Amino acid sequence: MSLLAIFSITSSLCLSGSAALADPLTAVQSLNPDVSAVLDTYWQTDDVRDSTGSLLEAIDGFAGTHAHEHHQVDGGFNMRHLELSFDGCVDPYFRGTAIAAILEDGAEMEVAQIETLSLPHGLRLKVGKFFSDIGYLNPKHSHEWDFVDQPLVYRLLLGEHGLNEIGAQVSWLVPTPFYMLVGLEALQGKNEHSFSYIGQDPLPARDGPRLCVGWLKLAPGMAGANTLHLGGSFAIGRHQEARDGNEDGDPDHWLDGQTGLYGLDLVYKRDSTLPYGQGDLAIEAEYLYRNKNMRIVGHLLDRSLEGRCKTDRQDGYYIQAVYGFAPRWRCGLRWDQAGLTNSSKIEGSTSKSWDSSWRISGSCDFCPSEFSRLRFQLSKARLRVADTAQDVVEFIVQLQVSIGAHGAHAF
Amino acid sequence: MQNLMTSMMLIAIPLAAQAIGAEKINIVTTTTDLGSIAGYIAGDLARVTSLCPGNQDPHYLQVRPSLMMAARNADLWIRVGMDLEIGWEGPILDGCRNPKIRPGLPGHLDASADVLRLEVPTQRISREFGDVHPQGNPHYWLDPYNGRIVARTIAQRLSILFPVYQQEFHVNLERFCSELDTRMFGDQLVRQFDPNQLWARQIEGTLDSLLASQGKTDAIGGWLAMTRPFRGQKIVTYHRSWVYLANRFGLEVVAELEPKPGIPPSPRHLEMVAGLVKQHGVKLILQEPFYSTKAARWICDRTGARLVVVANSVGGQEEARDYLALIDLVVRQVCAALGGN
């Protein structure tokens, strides 16, 4: 056998790329970006008069400023969204990802990111709009979650979309013998729950980026198919609030300051050798702590409060386990608690603290194939709203499908 | 002066080669079969790491940081291709941040580039057909002819990346091929004919007539001789992962236990398969160790067919230590079951 062919270096390299494609049509189509659509629909019922969603918006200590109306969960059939995704390499240097979340009444730009492909020394740069890599769950899209909904702590501190911002990220795979990835992000800071920007009188205008995020992800070497993953992250950024104290529909006091958000996460996964996901196990736990330090820059109801500092402290955690108990079947259990620390203090004035809210959720899902999933989820929650405990039982049946060239999911 | 320069260069070149040699070539393969073949070709010059263990379904490997770590310093990444690793190759290549092994670069090799492919769809496919691969059935390594092609593809690429060792790769390739050819056709045939001609004739289906015309039918040995008595026999497999083996040795797969690729067996489908097994007198149900044997046993109990659970990748069973041992194991197990009565 002759090795002569190796001397035609270029031709052999080109060949191995194109020869992998059966026909010219496939080759042409392979230049198209990968296009996929995720359809996510569910049926929900609960035992409370108000919807569970509106209770979550009003939990003591976490109640947001209601800057915009959310898509509320309606008892009965719901469409979470239609996620349209385009993904592909721009050239040998960049990769582009565009994901639009289409709702019944409009569309949202979920991801529009450009990533570098070939920076040396384990470096990568990402710019555009993307999910911050803070925490373990934040960068995951809703169809990658193991439960229908987010843990309480995510929902309450970062909102339904998590920390999804415009900005830039630099990350570095450190050349250590174990896996260590560090990253820094400079983001505009528009998260209405923790890093909100209003910029209208009497609040000061501040140019972006107003939010700085840093994180560290570690995976010590483990034998075989076991993986342990540890993460730590922080987000420090500007925060402004316009609040409506007398509930007349117009804001009457304004706050300006800084929020610090700190998180720890711990994940254990076991990839079983059995097919169709049987025997796979994933255990996840995350803790998040938020500290808002703000100054009251204007107060129409009580001028004496103007100039005073307001400090809010909230936290929460969740712990969950998901196990593939049969081919294509998984069951999961999640315990959720938010507000173990839950206080609000105005310097030289009032100081309030609230009890925590908790929820326990059990789920069972069946994946007919890699591209479809039917999930049943039952939750019981005790939510603290206006200093009273509200018990909620919620049941959800969800169907998620993905059509098109849906890519693989990261760890 | 000229002489001095020349003699210095003569010393410098081997020294440089040694300096490179001090650090082994780092080859990462997606599967153990590619790892074994790459090991034959690179010999002691390389350290070969395979990501998916041989006892695991290569369609469903979970991406994890340790796999990225394995690929981080790789000089060469070799994949099976044909979308077999579509669920996990991308995130590992992205996550390991190794700019040398991006697709399209010399450090990224698709081993399927030149293999003989089967079941390449000729019409528009849909996921309604199950997990069908647009570029054809990716389980091509179970055809020893493809093992030979993959070895050549790897040797070519290694010679491009490390021209210093071109000679070593060439020698190792020759050794691997001659070992494989001997195991396939037997000692005598390989000595009397050019192995390339033997393969060409075998693929054409004209090897028998060639040997008969020269009165050398008795000289056939190896896997070919072992499987000859069973040519034309019909078999059933769990997944569509044995078609290349069946094609090479003249067996016919009449049904799979999976109703569609990637969909586990259903009672109604098994009823149908049991009917086919009886109708065609199928004696053998073949499947990998990682699948449940419940469905196969159900059919065996009703039809008298035999179940053979055998590795389809290196490391899937203890005896399947390397690529040649794997093919040997599979051929022996299949022949033992088919010749059982």
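Q: Two strands pair if DSSP finds at least two bridges between them. Which strand is joined to β7(A) by nine bridges?
A: That strand is β8 of chain A, residues 211-219, and the two run antiparallel. Strands (E, at least two residues) and helices (H or I, at least four residues) are DSSP runs, numbered from the N terminus. One facing pair is Gly183(A) and Trp215(A), the latter in β8(A).

Q: What kind of model is this, and how are residues numbered?
A: This is a predicted model, in which local features need pLDDT of at least 70 and side-chain atom pairs count only at pLDDT 80 or more, while totals for chains, interfaces and linings use all residues. Residues are numbered from 1 along each chain as its sequence is written, chains are lettered from A and ligands numbered from 1 in the order in which they are written, and side-chain values use heavy atoms, with hydrogens and water left out.

Q: Back to β7(A). How many bridges join it to β6(A)?
A: Seven bridges link β6 (residues 164-173) to β7 (residues 179-187) in chain A, and these strands are antiparallel. Together, β6(A) and β7(A) make a hairpin with five residues between them. Within this pairing, Trp172(A) has Val182(A) of β7(A) as its bridge partner.

Q: What about the peptide bonds in the loop after β7(A): which residues do the cis ones join?
A: One cis bond joins Asp201(A) and Pro202(A), with omega about 5°. Another joins Gly208(A) and Pro209(A), with omega about -5°. Pro202(A) is placed in the loop between β7 and β8 of chain A, and Pro209(A) lies in the loop between β7 and β8 as well.

Q: Why mention them at all?
A: They are mentioned because most peptide bonds are trans, and most residues other than glycine have a negative phi. On the second point, Asp387(A) has a positive phi of about 60° although it is not a glycine. Asp387(A) sits in the loop between β16 (372-385) and β17 (388-404) of chain A.

Q: New topic: salt bridges. How many are there over all chains?
A: The count is 35 over all chains, where a salt bridge is a side-chain nitrogen of Lys or Arg within 4 Å of a carboxyl oxygen of Asp or Glu. One of them joins the side chains of Asp146(A) and Arg330(A), at 3.3 Å from N to O. The two residues are 184 residues apart: Asp146(A) is in the loop between β5 (123-131) and α4 (152-158), and Arg330(A) is in strand β13 (residues 329-346), both of chain A.

Q: And how many salt bridges are there between chain B and chain A?
A: There are two between these chains. The side chains of Asp271(A) and Arg64(B) form a salt bridge at 3.5 Å, N to O.

Q: How much area do the two chains bury?
A: Chain B and chain A bury about 4,400 Å² between them, 58% of it on carbon and sulfur atoms. Buried area is the accessible area (1.4 Å probe) that two parts lose on being put together, summed over both. In chain B, Pro65(B), Arg97(B) and Arg127(B) lose the most area to chain A, together 17% of what that side buries.

Q: How many residues does each chain bring to the contact?
A: Chain B brings 49 residues and chain A brings 58, with contact meaning heavy atoms within 4.5 Å.

Q: Which helices of chain B supply at least two residues of that side?
A: They are α3 (65-72), α4 (89-96), α5 (144-161) and α6 (166-185) of chain B. The largest share, six residues, comes from α5(B).

Q: Last topic, the sheets of chain B. In what order do β1 to β4 stand?
A: These four strands form an open sheet in the order β2-β1-β3-β4, with parallel pairing. Its edge strands are β2 (46-52) and β4 (108-110) of chain B, each pairing on one side only. Three bridges join β1 (residues 25-31) to β3 (residues 76-79) of chain B, and Thr29(B) stands opposite Ile78(B) in β3(B).

Q: Which strands stand at the edges of the sheet made by β5 to β8 of chain B?
A: That open sheet has parallel pairing and the order β6-β5-β7-β8 in chain B. β6 (252-256) and β8 (306-309) are at its edges with a single partner strand each, so one side of each is left without a neighbour in the sheet. β7 (residues 284-287) and β8(B) pair over four bridges, and Leu284(B) has Arg306(B) in β8(B) as its bridge partner.
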